[in-house]
Amino acid sequence: MKVNQMSVTSRGPQETFALGERLGEILRPGDVVLLTGGLGAGKTTFAKGIAKGLGVEDEVTSPTFTRMAEYEGRIPLVHMDLYRLWEEAPSEEAALRALADLGWEDALESDAAVLMEWPGKAADAAGDALEVEFTAVPLPRVDERELHCRARGPRSQARLDEWVKRWLF
Ligand SMILES: Nc1ncnc2c1ncn2[C@@H]1O[C@H](COP(=O)(O)OP(=O)(O)OP(=O)(O)O)[C@@H](O)[C@H]1O
Ligand SMILES: [Mg+2]
């Protein structure tokens, strides 16, 4: 049996953080996690949980202006937020050039795990990544978020399997 998509409802920021923490505990060098969903959907909350699970001690903030930040943990963590890159570049080509200049693809070859908020067109280059899409649940359930998780290949599939086991036990 193989389940390559899985949804879970988080009932508040602490649960989203805890789900991230469980994933951070099992991430391996070269893993890529794509975080999609609207503004305030919970991507950075989840990223902070991942960092905790990876043993990062520094405070993790959204790299809104720098677009990319690296932290030391059990393995290095590269955290990207490309919202402004897509918003501000004069053209898609310029955005893709600016993205290449960040050198993020080097991280894929290194011993780091890579988290990407607002991956946009970079999603294709990310290869066998785990996607987590965040959606808010209609009012009045303001603190609920649906996390739709999808594995894009065997590597992310293995991580999804292991992660989901940790939701339950
Ligand atoms: N179940 C939930 N999971 C995560 N965050 C929640 C939840 N319920 C409410 N929130 C609130 O929603 C906000 C999520 O903010 P966060 O920065 O994590 O979103 P984001 O997706 O990274 O947004 P942006 O695209 O602007 O970077 C926080 O204020 C958090 O307290
Ligand atoms: Mg964010």
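Colleague: Where is Thr-135 found, and why is Thr-135 called partly exposed?

Modeller: Thr-135 is found in strand β6, and I should say at once that this is a predicted model. With 16 other C-beta atoms within 10 Å, Thr-135 is partly exposed, because a buried residue needs 20 or more such atoms and an exposed one has 12 or fewer.

Colleague: Which residues does Thr-135 touch, not counting residues up to four places away in sequence?

Modeller: Those residues are Gly-37, Ala-41, Arg-145 and Glu-146, where touching requires C-beta atoms within 7 Å. As for Leu-19, it is 116 residues from Thr-135 in sequence and 15 Å away in space, C-alpha to C-alpha.

Colleague: What makes Ser-91 exposed?

Modeller: The neighbour count of Ser-91 is 8 other C-beta atoms within 10 Å, and a residue is exposed at 12 or fewer, so Ser-91 is exposed. Ser-91 is found in the loop between α3 (83-88) and α4, and from Thr-16 it is separated by 75 residues in sequence and 34 Å in space, C-alpha to C-alpha.

Colleague: How do you know that helix α4 lies largely in the open?

Modeller: Of the 11 residues of α4, which runs over residues 92-102, the number buried is 1, and therefore the helix lies largely in the open. After α4 comes Gly-103, whose phi is positive, near 75°.

Colleague: Which value of phi does Arg-67 have, and what makes Arg-67 buried?

Modeller: Phi of Arg-67 is near 70°, a positive value in a residue other than glycine. Arg-67 sits in the loop between α2 and β3 (68-71), and its 20 other C-beta atoms within 10 Å meet the criterion of 20 or more, so Arg-67 is buried.

Colleague: Why is Trp-118 called buried, and where is Trp-118 found?

Modeller: Trp-118 is called buried because 21 other C-beta atoms lie within 10 Å, against a requirement of 20 or more. Trp-118 is found in the loop between β5 (113-117) and β6, with a phi near 55°, again positive in a residue other than glycine.

Colleague: How do you know that Ala-47 is buried, and with which residues is Ala-47 in contact?

Modeller: Ala-47, which lies in helix α2, has 27 other C-beta atoms within 10 Å, and as 20 or more suffice, Ala-47 is buried. Leaving aside its neighbours within four places in sequence, Ala-47 is in contact with Gly-20, Leu-35, Val-60, His-79, Leu-115 and Glu-117. The contacts of Leu-35, counted beyond four places in sequence, include Phe-46, Ala-47, Leu-115, Met-116 and Val-132.

Colleague: Which residues of the largest nonpolar core touch the most other members?

Modeller: Of its 39 residues, those are Val-33, Leu-35, Leu-77, Val-114, Leu-115, Met-116 and Val-132. In soluble globular proteins, nonpolar side chains tend to be buried together.

Colleague: Why do you say that the buried residues of α1 line one face of the helix?

Modeller: The buried residues of α1 are Thr-16, Phe-17, Leu-19, Gly-20, Leu-23 and Gly-24. Seen down the helix axis, they fall within an arc of 160°, and so they line one face of α1. They pack against β1, α2, β7 and α6.

Colleague: What makes the span of α6 close to that expected, and which residues of α6 are buried?

Modeller: Helix α6, residues 154-168, has 15 residues and reaches 22 Å from its first C-alpha to its last, close to the 21 Å expected, since the expectation is 1.5 Å times one less than the number of residues. Its buried residues are Ser-156, Arg-159, Leu-160 and Trp-163. These fall within an arc of 105° seen down the axis, so they line one face of α6. On the other side of α6, Pro-154, Lys-165 and Leu-168 are exposed, while what covers the buried residues includes β1 (5-10), α1 (13-24), β6 (130-136) and β7 (145-151).

Colleague: How many residues surround ligand 1, and how many of each class does the shell have?

Modeller: There are 20 residues around ligand 1, the closest being Thr-16, Gly-42, Lys-43, Thr-44 and Thr-45. The elements giving two or more residues to this shell are α1 and α2 (43-53). By class, the shell has 5 nonpolar, 9 polar and 6 charged residues, and Gly counts as polar in this scheme.

Conventions
Residues are numbered from 1 along each chain as its sequence is written. Chains are lettered from A and ligands numbered from 1 in the order in which they are written. This is a predicted model: local features need pLDDT of at least 70, side-chain atom pairs count only at pLDDT 80 or more; totals for chains, interfaces and linings use all residues. Helices (H or I, at least four residues) and strands (E, at least two) are DSSP runs, numbered from the N terminus. The arc is that of the directions from the helix axis to the C-beta atoms. Two residues are in contact if their C-beta atoms, placed from the backbone, lie within 7 Å. A nonpolar core is a set of buried Ala, Val, Leu, Ile, Met, Phe, Trp, Tyr and Cys residues joined through C-beta atoms within 7 Å. A residue is near a molecule or strand if its C-beta atom, placed from the backbone, lies within 6 Å of it.
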